[in-house]
Amino acid sequence: MLAVGAGPAILGGGGLRPEITKGKRFPLSERRCKGMIGALDIGGTKIAVGVVDANGRVLAKEECPTDVPLGFDHAMQQVSEVLARCADQAGVKLQGIGIGCTGPVDPLTGTLGDVNTLPGWKGGNPVRKLSAEFRLPVAMENDADAAALGEVAWGSGKGKARLICVTIGTGIGAGVVLDGKVYRGVAHSHPEIGHHIIEASGPPCSCGARGCWEALASGPSVVEWIKTIVPAAYPSQDQTAREICTRAQGGDEWAQRAVEREAYYLGVGIANIVTLFVPEAIVLGGSVMKSASLFLDRIHQVIRQNCGLVPSESVEISLASLGPDVGLIGAAQVWRNRFQSSGD
Ligand SMILES: [Zn+2]
């Protein structure tokens, strides 16, 4: 079934913008072909907007602040203007628009749930708004699912039939893709792997539970934990997770303890995924994994220790390869997956 609220496809008919024929970077024949998708990656602090071609290349992109207090309608007006500008810059007509959005969202109706980083936006519907604005088919998924679809199509997960893509940054999100399709729970729900409980008596999590994987192994959790162990005279009380990793590499004992703890908890969560799903591949991305070299040996060690009943050695653990554009590339793939595959 296609997205509720998605308007009729006007393939080759253009959106609200006139066709622009003056491009600089790509030949005319390529610019005018099908497969040019407008892409939005909606997060709590910023919205990335771009145009992605049929080969997963980002032709133009801009970022704008989410400006949550100004409201959903204001944000949609802003991204519509930015998207039209990106299409002009790329010199293309859009075939459709794909969206990855921080959750919870209903991927089939396009309605936003109670997203803690988007207060006041509950009930907003980017699919309906943009479909009406551009007169194009629009599709949306949870951003973790969008990233997983992007990695399956163009990144480290290419060709994998059973893949779980985990993004470890401000939070932990994961998308499950089986035979090219996003796995959904009841009522189109997105399983919250980042909130599976690692330690039942662990620190409280924003979701209301205690000891979630996200509460123990996200970037902010590393920052909070090191504050609980360092002496008062420790020189860097307000460092970021990335800075902690850098200090660990420089020999800082406290930072090394924080990194060891982070590697262990990453390993426990990934080992649980191995035991529960035994996927062909687990792709790891997000800002924390920019320091992956500090964590990978320990992650593999924990998997070997914890996953004795499944062929864990056959589960490929790899790093995401789409880089900072994964949100846009994944969003475009959301559209292709919805409208160019056999459907949900
Ligand atoms: Zn939680």
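**Entry 1. The open sheet**

I looked up the strand order of the open sheet in this predicted model. The sheet has 5 strands in the order 3-2-1-4-5, and its pairing is mixed. Strand 3 (58-65) and strand 5 (138-142) are the edge strands; each has a single partner strand, so one side of each is without a neighbour in the sheet. From one strand to the next, I find that the twist averages 15°.

I then examined two of the pairings. As background, I noted that strands of a sheet pair through backbone hydrogen bonds, in either a parallel or an antiparallel manner. Strand 2 and strand 3 run antiparallel and are joined by 7 bridges. Within this pairing I located Ile47, which stands opposite Cys64 in strand 3. The two strands form a hairpin with 5 residues between them. In the turn of that hairpin, Gly56 has a positive phi of about 75°.

At the other edge, strand 4 and strand 5 run parallel, with 5 bridges between them. For Ile99 I recorded Met140 in strand 5 as the bridge partner.

**Entry 2. Helices across the sheet**

Which strands does helix 2 lie across? I found helix 2 (residues 72-90) across strand 1 (37-42), strand 2 (46-52) and strand 3. Its direction is at about 155° to strand 3. Helix 4 (residues 143-154) lies across strand 1, strand 4 and strand 5. The angle of helix 4 to strand 5 is about 105°.

**Entry 3. The two sides of helix 6**

I next listed the buried residues of helix 6 (residues 219-229), which are Gly219, Ser221, Val222 and Ile226. Viewed down the helix axis, these buried residues fall within an arc of 150°, so they line one face of helix 6. I set beside this the general rule that an α-helix has 3.6 residues a turn, so residues three or four places apart point the same way.

What covers the buried residues of helix 6? The cover includes helix 5 (213-217), helix 7 (241-249) and helix 8 (253-277). On the face turned away from the buried side, I noted the exposed residues Glu224 and Thr228.

**Entry 4. Backbone particulars in the loops**

I checked the loops for unusual backbone geometry. The peptide bond from Gly103 to Pro104 is cis, with omega near 10°. Pro104 belongs to the loop between strand 4 (96-101) and helix 3 (126-134).

Two residues that are not glycine drew my attention for their phi values. His188 has a positive phi of about 65°, and I placed His188 in the loop between strand 8 (181-182) and helix 5. Val278 has a positive phi of about 40° and sits in the loop between helix 8 and strand 9 (281-285).

Are these residues buried, exposed or partly exposed? For His188 I read 15 other C-beta atoms within 10 Å, and His188 is therefore partly exposed, since a residue is buried at 20 or more such atoms and exposed at 12 or fewer. Val278 likewise has 15 other C-beta atoms within 10 Å and is partly exposed.

**Entry 5. The chain as a whole**

Finally I recorded the totals. The chain contains 10 helices and 10 strands. Of its 344 residues, 49% count as buried. Among contacts between residues at least 6 apart in sequence, I noted that 68% join residues at least 24 apart.

Key
Residues are numbered from 1 along each chain as its sequence is written. This is a predicted model: local features need pLDDT of at least 70, side-chain atom pairs count only at pLDDT 80 or more; totals for chains, interfaces and linings use all residues. Helices (H or I, at least four residues) and strands (E, at least two) are DSSP runs, numbered from the N terminus. The arc is that of the directions from the helix axis to the C-beta atoms. Two residues are in contact if their C-beta atoms, placed from the backbone, lie within 7 Å. Two strands pair if DSSP finds at least two bridges between them. Axes are lines fitted to C-alpha atoms, for helices over the stretch in contact, and angles run from 0 to 180 degrees between N-to-C directions.
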